[in-house]
Amino acid sequence: MHQKNLWQDNSKEKITFSNLKKSITTDLVIIGGGFTGCSAALSAAKNGLSVTLIDQKIGYGGSGRNVGLVNAGLWMPPEKVESILGLEAGVKLNKALATAPDLVFSLIDNYEINCSANRSGTLHCAHSKKGLKDIHLRFKQLSERGAELELLDKQQTQERIGSSKFFGSLFNKKAGIINPLDYCLGLARAAKSYGVNIYESTIATNIHSVNNDWLIKTAEGTIKAKMLLIATNAYQKPIEGLNPSKYTSVQYFQVATKSLPSDLVKSVLPNGEGCWDTASVMSSFRLDADNRLIIGGIGNLGHSASKIHTNWARRKIESLFPHLKNIDIEFSWHGRIAMTGDHIPKILRLGSNAYSVFGYSGRGIGPGTYFGKAVSECLISGDETSLPVDPLDYYQEPFSKIKAGFIEFGATASHLL
């Protein structure tokens with residue numbers, strides 16, 4: 001299926017970079033120009049390091065294909081995080097990621113990033129009575145940990161969304177929505193203003209360590225650095241000398257309608273919240289700055305049966321908003337998510353002054369920004385206790401290809417119904 005990415009088509013942050021054609025020396029080299037890499041580059045440069053960042057294209061991967069919901073925490077309730085990591089480590093991660101939306105929106109404000117930011121909140125929508133119990137549980141757990149949330153009943157939810165399909169919702173007024181690609185490009189622009197050398201069309205082909213330095217070879221250049229960060233997440237390409245990150249690759253797709261007619265705009269999400277539901281095969285929906293309705297769900301648009309996903313999206317629009325039955329779809333695209341077995345992001349030690357960060361399991365904007373900043377600060381200070389999760393020397397994701405196939409099969413089957 002031909003894909004057309006709304007974020008790429010409507011990007012307002014116009015910035016490009018040349019490719020690397022020389023040998024350079026730098027304090028920190030970052031491979032990957034998504035939320036994590038760009039956040040790390042900006043933070044490290046602000047703290048005085050010389051930084052070089054390379055990628056095929058800034059925001060090319062999941063960051064430029066994201067839904068654009070800026071939420072706190074992870075997908076899981078906080079007690080689940082604490083049960084997986086242990087109480088102390090779980091509390092530490094929950095507290096850190098509770099601040100992620102503030103970090104994201106402060107960066108947007110400070111560097112005047114033109115990413116259609118709208119901090120009108122997000123809604124976690126109960127698709128069933130079971131889903132309603134889930135959001136009540138989350139409300140209790142998150143409120144006990146200091147989150148400022150509002151539990152909305154069916155009528156209040158209908159007024160917020162313009163749809164009667166949900167049993168209730170959990171409103172987080174500190175969250176919001178952005179154009180994720182423009183946010184990523186804006187971070188890169190800000191990093192460049194602090195002296196970061198950014199190269200596009202530049203892929204690492206070989207990495208090795210010599211005398212406590214890291215040597216990175218590309219097609220036309222080399223980089224020597226004292227510190228290394230791999231921030232490719234689900235888009236890592238084979239690099240000689242580097243073991244690939246271990247995760248389950250999950251696809252998430254989105255479609256966007258044409259801009260809603262002026263007489264219908266106030267009937268759909270009149271306050272502009274971003275939404276996702278409690279279904280096992282989750283879906284999301286929101287408006288963009290031009291009042292296009294964007295519907296997303298788990299699924300790959302790159303295989304022969306992918307029309308099942310886009311047909312489901314059309315039915316989903318009609319189900320949620322019957323008055324939009326005949327609205328045209330103008331954009332469709334998908335991106336890869338790096339999902340870990342426990343849905344906890346990983347920081348992997350690669351050697352002296354070197355880390356790899358991956359596994360946001362679909363919650364990339366806030367955690368990616370936070371983890372990038374945290375890892376850059378750790379590289380400067382040498383204090384790993386400041387990291388949001390304890391770094392690992394080894395991580396394995398068993399049966400990842402089987403799990404990825406099962407998830408795609410389950411999503412395709414679900415979208416047939």
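## Aromatic pairs and an open sheet

Tyr235 is buried, with a relative accessible area of 16%. That value comes from a predicted model, as does everything else described here. Let's begin with the ring that Tyr235 meets, and then move on to the sheet.

Across the whole structure, a search turns up 11 aromatic pairs. In one of them, Tyr235 meets Tyr60 edge-to-face, with 6.2 Å from centre to centre and 85° between the planes. Tyr60 belongs to the loop between strand S2 (51-54) and strand S3 (69-70), while Tyr235 belongs to the loop between strand S11 (222-230) and strand S12 (248-259), so this pair ties together parts that are 175 residues apart in sequence. Unlike buried Tyr235, Tyr60 is partly exposed, at a relative accessible area of 39%.

A second pair joins Tyr247 and Phe358: the ring centres are 6.4 Å apart and the planes meet at 50°, so the pair is tilted. Tyr247 sits in the loop between S11 and S12, and Phe358 in strand S18 (residues 354-358), so parts that are 111 residues apart in sequence are tied together here. Tyr247 is buried, with a relative accessible area of 14%, and Phe358 is buried too, at 1% relative accessibility. Elsewhere, ring pairs link Phe166, Phe285 and Phe321 into a cluster.

Two rings have an arginine over them:

| Arginine | Ring | Distance to ring centre |
|---|---|---|
| Arg160 | Phe171 | 4.3 Å |
| Arg363 | Trp276 | 5.6 Å |

Now for the sheet. Which order do the eight strands of the open sheet follow? They run S5-S6-S4-S13-S14-S15-S12-S16, with mixed pairing. At the edges are strand S5 (149-152) and strand S16 (329-339), each of which pairs on one side only. From one strand to the next, the twist averages 20°.

At the S5 edge, S5 and strand S6 (residues 168-172) run antiparallel and are joined by four bridges. Leu149 stands opposite Asn172 in S6. Helix H6 (residues 129-144) packs on the sheet, where it touches strand S4 (122-126), S5 and S6, and its direction makes about 30° with that of S6. Helix H9 (residues 307-320) also packs on the sheet, touching S12, strand S13 (274-277), strand S14 (283-287), strand S15 (292-298) and S16. The direction of H9 makes about 125° with that of S15.

Note on methods
Residues are numbered from 1 along each chain as its sequence is written. This is a predicted model: local features need pLDDT of at least 70, side-chain atom pairs count only at pLDDT 80 or more; totals for chains, interfaces and linings use all residues. Side-chain values use heavy atoms; hydrogens and water are left out. Rings of Phe, Tyr and Trp (its six-membered ring) pair if their centres lie within 6.5 Å; planes under 30 degrees apart count as stacked, over 60 as edge-to-face and the rest as tilted. Helices (H or I, at least four residues) and strands (E, at least two) are DSSP runs, numbered from the N terminus. Buried means under 20% relative accessible area, exposed over 50%, partly exposed in between (1.4 Å probe, protein chains only). A charge sits over a ring if NZ of Lys or CZ of Arg is within 6 Å of the ring centre and within 35 degrees of the ring normal. Two strands pair if DSSP finds at least two bridges between them. Axes are lines fitted to C-alpha atoms, for helices over the stretch in contact, and angles run from 0 to 180 degrees between N-to-C directions. Contact means heavy atoms within 4.5 Å.
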